[in-house]
Amino acid sequence: MTSRKHNHSTPDRTVLPPEPSAFGGTIGETYQDSVPDWTPALPLVAPEGAPNVLIILLDDVGFGQLGCYGGPIETPNLDTLASTGLRYNNFHTTALCSPSRAALLTGRNHHSVGLAAITEAATGFPGSYGSIPKSAATVAEVLKQNGYNTMALGKWHLTPYTAYTAAGPFDRWPVAVGFEKFYGFLGGETDQWAPLLVQDNQFIETPTRPGYHLTEDLVDRTITYIRDQQQANTGRPFFTYLALGACHSPLHAPREFVDKYRGRFAQGWDKVREEVLARQKVLGLLPESARLTPRDPAVSAWSDLSEAQKAVYCRLQEAFAGMLDHADHHIGRLLAALDELGLRDNTLILVASDNGASQEGLEHGVTNTDRYRNFNPETVEEMTLLLDQVGGPETDPLYPMGWSLAGNAPFKKWKQDTHMGGNTDALIISWPARIRARGAIRNQYHHIIDIVPTLLEVGGLPEPTSVNGVKQMPVQGVSLAYTFDDATAKTRKKVQYYEMLGSRALWSDGWTAVAWHKKGTSWDEDRWELYNTDVDTTEFDDVAAKHPEKLQQLIALWEVEARKYQVRPLDDRRYERAADPGRPVAALPRERYTFYTGTSNLHPLAGPALLGKPHTVTAFVSLPDAGAEGVLACFGGAFGGWTLFVQEGRLHYVHNYLKIEEYAVSSTRVVPAGQHRLGVRFTPTGKHLKPDFSTGDVVLLMDDEQVGALKGIKMGAMYSAMTGYGLLVGRNTGTAVSSRYQVPFVFTGTLEKLVVDVKGERDAEGELRLAFSQE
């Protein structure tokens, strides 16, 4: 008889996956005199007592908007959650979407992982590649390899812009970076009534059931995923990342939630700011000494507005409030589901936002964000006619920047800025099994990069040095778990730099230096401000003149941090980053494209660049004797795009110019049964820059013969670049490009193929141009 036996050793969790453990059983001549050992064949088990983790990330929700942070909007479920744990009043983010999400999931500063700005604004420098390196594994990857089930739902916005295609590459999609399941949307925003959805690695059809709303769907899926995970009874904890679209534009919510707030903001944003600060003091979030920062010069005094302006601005704010209230309602359903499953006690729940409230609605707000992306903003008078539709599927709204300032009360500035209004956010943490305090406040200074080390600490896990064979850059955050038990503990964080779109800031030991940068000016002209934020909690009193040595010390420290974390070169460009003709493209341009029915949505970044260019679209079809109808091809959606379709026997082309006007042309005769080539040809005749549109002539073609014509249509420079509705063949999912039909209006004949002929090179300032202000 021969035998061999090895003792098991504790796995080295700093190297993931760890080396397989040695066989610890005994091997004899036969199974009868052998002892099995299953351990080498089994995955790692999470450390004993490791909690479930649920992160709920809100979007564009400012410090002063949640009820439990003194805000004017009803959030009873989040308020109740806060009463079971902790609220942080000194928690900070990067001030922008993709960068904060990258920092949250990797524990590294956003420039360190290539996310200086949103993914679509990537540049050819290490701090701004727009792609998280493999040397910065996400916390999902670390937890998955340590025995967790991992799932992500909702907004992603961390996939490189070059990978927004059905062919990937998928190595930075959620399921490739640690999440075992994904259900949500890839880009920065989506229509909440008709979202462009992805499940795992596949674009899926937009739901069409009556009353559908994405927030409800995401929470339904989250509950189902957690129930599935629990009923399997594997004993594994879960890590769930739920990133809601609320409250990024479009501000979409059911009518009853929007109407609930009718008249509640009639006092205006100046008064609301005062009221919010007063409540924050009562709640103990800010000291009695806290002062309300002055209204930003870009925002008009409420008393100076016309009645029409007040009516429009209030309705847009009511839509925001309704959307946040609606999100809170469905978060309540998720929390109730955890209670029903008996999971709340050992589930660490963390709620935060990715940045401050958004100023991207500019002075007046909008009901169609694609209009100002094309430099054709709406007037107040135009929006007055749409007030009853605001928040519903007929609009794509965002409130004016005055409400953003109120949402960030009592701080200065807003999303995209390095003052506190841009980077100070709510943070709620509840974990009944571990956190004894109930409804308490913590004032230690922390940043979104500190979440990953916190999760590793509470899970009993080390920071990995190698993941999937790649050496890891150190985690740059500091765990805040020490604050769970000690309200008076001195913050363990020493320094945190900020840079966003050229603006800069640095916090160190209770002092903050900040320089707001005006786009297009020299950085040498930036004026640095200095605040003792341990005392002056709202950045009210600039003491740069009183403490010049301290200011210079912090500026010098900013330079040190900038070198350490690959911040330079400074870059204040917005859409110009995305318009750089030297950037890599998602798909190689051609002069002729062939597409087929049944294929996925082709994102504007990956499809042929047709807008403003001479092009021909030809559908090869076969119609039965009884006739057929439906969409042959379309691009965009209800707020701008084009569609080619057959209806009532005739061929039609409609160009929806920013929902301002539908240019329509129909064939002069019926399309007979049989095989045909049905098409449209566009010939540009002019170009206008502000508003940004092309003019041109359209010809309808049947078997190469002209059967209809329309001169002088307007064609926008871009449609749906952020929502991602691109070319679709044989149907119109999402929102209907034309009011002449309802989605999906699937073509009922046989569509063999669609051929698109394009003349000229890809126009980097056309289809690829993104309005950076909308992320």
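Me: How much area does the chain expose, and what share do carbon and sulfur atoms supply?
Reply: The chain exposes about 28300 Å², and carbon and sulfur atoms supply 52% of it. Accessible areas come from the Shrake-Rupley method with a 1.4 Å probe. This is a predicted model, in which local features need pLDDT of at least 70, side-chain atom pairs count only at pLDDT 80 or more, and totals for chains, interfaces and linings use all residues. Residues are numbered from 1 along each chain as its sequence is written, and side-chain values use heavy atoms, with hydrogens and water left out.

Me: What percentage of the residues is buried?
Reply: Of the 775 residues in the chain, 62% are buried, meaning under 20% relative accessible area (1.4 Å probe, protein chains only).

Me: Which residues have the most contacts inside the largest nonpolar core?
Reply: They are Leu 66 and Trp 403, in a core of 79 residues. A nonpolar core is a set of buried Ala, Val, Leu, Ile, Met, Phe, Trp, Tyr and Cys residues joined through side-chain atoms within 4.5 Å. Helix H7 (residues 307-340) gives the most to this core, with 15 residues; helices are DSSP runs of H or I, at least four residues, numbered from the N terminus.

Me: And what does Leu 66 touch?
Reply: Leaving out residues up to four places away in sequence, the contacts of Leu 66 include Leu 58, Val 61, Leu 324 and Ile 428. Contact means heavy atoms within 4.5 Å.

Me: New topic: what are the dimensions of the box that the C-alpha atoms fill?
Reply: The box is roughly 85 × 80 × 50 Å, taken along the principal axes.

Note on methods. Buried means under 20% relative accessible area, exposed over 50%, partly exposed in between (1.4 Å probe, protein chains only). Helices (H or I, at least four residues) and strands (E, at least two) are DSSP runs, numbered from the N terminus.
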